[in-house]
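Open the model in your viewer and keep the selection tool at hand. The stops below say what to select next and what is found there.

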Amino acid sequence: MTELTGKTAVVTGGANGIGRATARMLARDGATVFAADLNPLEENQTEFARLGIRQVACDVRSVEALRSLIEQAIAETGRLDILVNNAGIGMVKPAAEVSEDDWDRCMDTNLKATFFGCSLAIPQMQQQGGGVIVNTASNAGLLPRTHDPVYSISKMAVVALTKSLALCHGKDRIRVNCVCPGPVGDTGMMNADLEQADDPAAMTQKFIAASPIARASGRMISPEEVAASIRYLVSEAALMVTGTAIAIDGGKSLGVPPAG
Ligand code: NAD
């Protein structure tokens, strides 16, 4: 028996990157995990089946799709203990080039889905006497950046949402926190950025150089390192932790260029 045995977890964006690493970690520690994604991956099937992870097709931009995801988890296990609102997309465009469709896609995926994921999970958690929500925000939710204003706005709003709901639902013993990763390697999002870069190796070095610890370690942050913080936040050890935005960025958000 492990700490999460008997618990039910829903992880959105669970087919790849940070979400997949989180789904694996929660399942290995005993949780029944529903890994929801717009693009469930065939390559996950064998490993997910071994870990008991259910891969669910779900477009989180649709409130109805989110509702049926949450209902499926509750119908199959009778409970919902952990929700990780992690699905997200980037939006690298200057403000003058952002279309209404760009805005809607980014805001609906990163912000609207996070809000409605929470609002749909909260009644079940209230009924159970508690629960834990972790939202994947970003470094961009702590400090705005020059190249992706809409993404920054969406992630800053996720930080605000996290703090607001933590305040509203502490009385229900529902904890709400978010993680704010810096550049994470081996993710769909990072791979897409690198594929579009003129010089992927130089871009990788730029990301590494931006944070003191990544620079000293000579590598980017890994999805597993972000998942480990999410794992901490859902643990009993974090019982008194709510409303926080944890930077997992090797010190990038300190805002001081690394020395050396
Ligand atoms: P990723 O692309 O590997 O994972 C994101 C997952 O979300 C993908 O599997 C994708 O299919 C899924 N997804 C996208 N739109 C969806 C939708 N409408 N419905 C359901 N699923 C959808 O990238 P990742 O880095 O693991 O991203 C996870 C989260 O981490 C995102 O919220 C992202 O903003 C955040 N983040 C990533 C980085 C980074 O450098 N990779 C840094 C900070 C924050």
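Start with the ligand and the residues around it in this predicted model. There are 29 residues around the ligand, and those that come nearest are Asp-37, Asn-86, Tyr-151, Val-184 and Gly-188. By type, the shell divides into 13 nonpolar, 12 polar and 4 charged residues.

Next, select Gly-17, Cys-58 and Asp-59 together with the ligand. At Gly-17, a backbone N or O atom lies 3.5 Å from an oxygen atom of the ligand. At Cys-58, a polar backbone atom is 3.3 Å from a nitrogen atom of the ligand. At Asp-59 the side chain takes part: one of its polar atoms lies 2.9 Å from a nitrogen atom of the ligand. On its own the ligand has 820 Å² of accessible area, and the protein covers 93% of this.

Now switch to a cartoon view and colour the helices that line the ligand. Which elements give two or more residues to the shell around the ligand? They are α1 (17-28), α5 (149-169) and α6 (188-196). The largest share, 3 residues, comes from α6.

Colour by domain for the following stop. Domain 1 covers 8-182 + 223-246, and domain 2 covers 185-220. Where does the ligand lie relative to domain 1 and domain 2? Both domains give residues to the shell, so the ligand lies between them.

Go back to Asn-86, one of the residues that come nearest to the ligand, and add Thr-136 to the selection. The side chains of Thr-136 and Asn-86 make a polar contact of 2.8 Å. Thr-136 belongs to strand β5, which runs over residues 131-136. Is Thr-136 buried or exposed? Thr-136 counts as buried because its relative accessibility is 5%, and the cut-off for buried is under 20%.

Then select Gly-170, in the loop between α5 and β6 (174-181). Its relative accessible area is 39%, so Gly-170 is partly exposed. Add Ser-222 and draw a distance between the C-alpha atoms. Gly-170 and Ser-222 are 52 residues apart in sequence, and their C-alpha atoms are 31 Å apart in space.

Stay in the loop between α5 and β6 and select Arg-173, which also lies there. The phi of Arg-173 is near 60°, a positive value in a residue other than glycine. Most residues other than glycine have a negative phi. Arg-173 counts as exposed, because its relative accessibility is 57%.

For a second case of positive phi, move to Asp-186, in the loop between β6 and α6. Asp-186 is not a glycine, yet its phi is positive, at about 60°. With a relative accessible area of 57%, Asp-186 is exposed; the cut-off for exposed is over 50%.

End with the aromatic rings. How many aromatic pairs does the structure hold? It holds 1. Select Phe-115 and Phe-116 to see this edge-to-face pair, with ring centres 5.1 Å apart and 90° between the planes. Phe-115 counts as partly exposed because its relative accessibility is 37%. Phe-116 is also partly exposed, with a relative accessible area of 29%.

Technical notes
Residues are numbered from 1 along each chain as its sequence is written. This is a predicted model: local features need pLDDT of at least 70, side-chain atom pairs count only at pLDDT 80 or more; totals for chains, interfaces and linings use all residues. Side-chain values use heavy atoms; hydrogens and water are left out. A residue is near a molecule or strand if one of its heavy atoms lies within 4 Å of it. A polar contact is a pair of N or O atoms within 3.5 Å; within protein, one must be able to donate a hydrogen and the other to accept it, and residues adjacent in sequence count only if both atoms are side-chain atoms. Accessible areas come from the Shrake-Rupley method with a 1.4 Å probe; for residues, only the protein chains shown count as cover. Helices (H or I, at least four residues) and strands (E, at least two) are DSSP runs, numbered from the N terminus. Ala, Val, Leu, Ile, Met, Phe, Trp, Tyr, Cys and Pro count as nonpolar, Asp, Glu, Lys and Arg as charged, and the others, Gly among them, as polar. Domain bounds come from an automatic or database domain assignment. Rings of Phe, Tyr and Trp (its six-membered ring) pair if their centres lie within 6.5 Å; planes under 30 degrees apart count as stacked, over 60 as edge-to-face and the rest as tilted. Buried means under 20% relative accessible area, exposed over 50%, partly exposed in between (1.4 Å probe, protein chains only).
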